[in-house]
Amino acid sequence: DSSNNYHHGPFYMIYTLIYIVCIIAVIASFIAYGTKFKKKNRGSIGLIGVLVAAGVCMQELVNSEWRTCIISLTLAAILQFIHYSEFWQQQSDEDILNQKMLLEKDALTGMMTRYAYNQMLAYYEDSHALQKDHVVVSIDVNGLKSTNDTFGHAAGDELIKGAAECVLKAFSPYGKCFRTGGDEFVAIILADDKKLSGIKGNLEAYMNEWHGELVDHISLACGYVRKTEYPAASLNELLLIADKRMYNAKSSYYRAKGVDRRSQKAAYDALCNSYAKILRVNLTDDSYEIIVADDSELTSNFGFHQSLSGWLRDFAANNQVFSEDKEMFLANTRLDDLRSYFKADNNYRCLRYRRYRAGELTTVLMELVKSDDYSANHENIFLYVKDIGAMD
């Protein structure tokens, strides 16, 4: 007024309404934002709210000429912004830490990952010398493939987890343990001769004590090398020596079991070489993996297709099957028929057909064999094709 005194004007209610809406919005943002904080940080959010309330009450109740509500809201906004920035910096740091943990910790075994292993190699190669009591251990699970083939991959995973459990118990008190591959582990520890002897004994005891639900026992092949054996060797060189000793231990294990792995490999190679085509087939989703096949047959001229049913159909359609045998060939290789055949507890199907190869009419044998991991959800079979001989 003329005396410079403040009075509520005719639109004061609009001002009040906007004022209340702003306060409600601030309170709502405090509540929504505060839920993201840890308990220890929520107190500061509450104090900011108290500051706003105090400023409003001072102006309305004391009737001061000072616009304390505006000051308190401004300070609250500044404090909330500072708080918000600090919170998201903390959140970002935690996210980075969590991502690093995911990169460094193997989900299946709880061991350190290949990523962490590579970081460790880089650390020691960057002029960080190993101590004289450092021991490098290369570890591999014996019999994993036979476990997978006999009992399934769930049993194989159980065996890997059991192996990791034994390795962690034996080695982690003295250093770091890494899962470097499917069933391959590395331990880098500090131990003198006496302590290392005890660690080996503990590992043997843990293996003997372990029993799984799907697998009854566990065996590990280990290769140990001490820094004192090769004082001038780098970590990578020690790892190569440990790997060699581990493979020697693995060979000894299989020899003791009466298994000649070299002969097994030779037998496998001879079997593969006797077939012109070997496919691992999944009838459930009409897919396949090529194990053996001549590159010339992986072309449209031979009916090559991304699906098994398409390949068999187009193979016959492109006159690769002798005309008199085409109807029989298609009837015996229909996907639905094959699914029904193997679901009926049949393990083997064989058919002979004729085809022209290099201008000669040749008899071909196709064998379809149920895989060991065949199930209702994964109808896995093997498809073998062999030339029997030219027709007279």
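This is a guided tour of a predicted model, stop by stop, with a selection to make at each one.

**Stop 1: the whole protein**

Start with everything shown as a cartoon. The protein has 12 helices and nine strands. Now switch on the surface. About 23,600 Å² is exposed, and carbon and sulfur atoms supply 55% of that area. Of the 392 residues, 37% count as buried. Contacts reach along the chain too: among those with a separation of 6 or more, 56% are between residues 24 or more positions apart.

**Stop 2: a four-stranded sheet**

Select residues 134-141, which are strand 1. Add 175-179 for strand 2 and 220-226 for strand 4. Then add 184-190, strand 3. Together these four strands form an open sheet, and their order across it is 2-3-1-4. The pairing is antiparallel. Look at the two edges: strand 2 and strand 4 sit there, each pairing on one side only. On average, neighbouring strands of this sheet are turned by 15° against each other, direction ignored.

**Stop 3: strand 3 and its partners**

Keep strand 3 selected and colour it apart. How many of its seven residues are buried? Five are, so strand 3 is largely enclosed by the rest of the structure.

Follow the chain from strand 2 into strand 3. A hairpin of four residues makes the connection. The two strands pair through five bridges, in the antiparallel sense. Show Phe178 and Val186 as sticks: Phe178 stands opposite Val186, which is in strand 3.

Turn to the other partner, strand 1. Seven bridges join strand 1 to strand 3, and these two also run antiparallel. Show Val136 and Ile188. Val136 stands opposite Ile188 of strand 3.

**Stop 4: the helix across the sheet**

Select residues 193-209. This is helix 7, and it lies across strand 1, strand 3 and strand 4. Compare directions with strand 4: helix 7 runs at about 175° to that strand.

**Stop 5: Arg226 and Asp133**

Stay with strand 4 and pick Arg226. Which side chain does Arg226 meet in a salt bridge at 3.3 Å, N to O? Asp133 is the partner. The two are 93 residues apart: Arg226 belongs to strand 4, while Asp133 is in the loop between helix 4 (114-125) and strand 1. Arg226 is buried, at 10% relative accessibility. Asp133 is partly exposed, at 28%. Now add Asp193. Asp133, Asp193 and Arg226 are linked in a network of salt bridges.

**Stop 6: two further salt bridges**

The whole structure holds 12 salt bridges. Here are two more to select.

Pick Arg354 and Asp325. They form a salt bridge whose closest N and O atoms are 2.8 Å apart. Arg354 is in strand 7 (residues 348-357), and Asp325 is in the loop between helix 10 and helix 11 (326-332), so this pair links distant parts of the chain, 29 residues apart. Asp325 counts as buried, with 10% relative accessibility.

Next, pick Glu379 and Lys343. Their closest N and O atoms are 3.8 Å apart, in another salt bridge. Glu379 lies in the loop between strand 8 (360-370) and strand 9 (380-390), and Lys343 lies in helix 12 (residues 335-343), so the salt bridge ties together parts that are 36 residues apart in sequence. Is Glu379 buried or exposed? Glu379 is buried, with a relative accessible area of 3%. Lys343, in contrast, is exposed at 54%.

**Stop 7: Ser307**

Finish on a single residue. Select Ser307, in the loop between strand 6 (287-293) and helix 10 (308-317). Its relative accessible area is 15%; the cut-off for buried is under 20%, so Ser307 counts as buried.

Now show what surrounds Ser307. Its side chain makes a polar contact of 3.1 Å with the side chain of His305. A polar atom of the Ser307 side chain also lies 3.1 Å from the backbone nitrogen of Gly310. Which residues does Ser307 touch beyond its neighbours within four places in sequence? Show Asp286 and Tyr288: Ser307 is in contact with both.

Definitions and conventions: Residues are numbered from 1 along each chain as its sequence is written. This is a predicted model: local features need pLDDT of at least 70, side-chain atom pairs count only at pLDDT 80 or more; totals for chains, interfaces and linings use all residues. Side-chain values use heavy atoms; hydrogens and water are left out. Two strands pair if DSSP finds at least two bridges between them. Axes are lines fitted to C-alpha atoms, for helices over the stretch in contact, and angles run from 0 to 180 degrees between N-to-C directions. Contact means heavy atoms within 4.5 Å. Buried means under 20% relative accessible area, exposed over 50%, partly exposed in between (1.4 Å probe, protein chains only). A polar contact is a pair of N or O atoms within 3.5 Å; within protein, one must be able to donate a hydrogen and the other to accept it, and residues adjacent in sequence count only if both atoms are side-chain atoms. A salt bridge is a side-chain nitrogen of Lys or Arg within 4 Å of a carboxyl oxygen of Asp or Glu. Accessible areas come from the Shrake-Rupley method with a 1.4 Å probe; for residues, only the protein chains shown count as cover.
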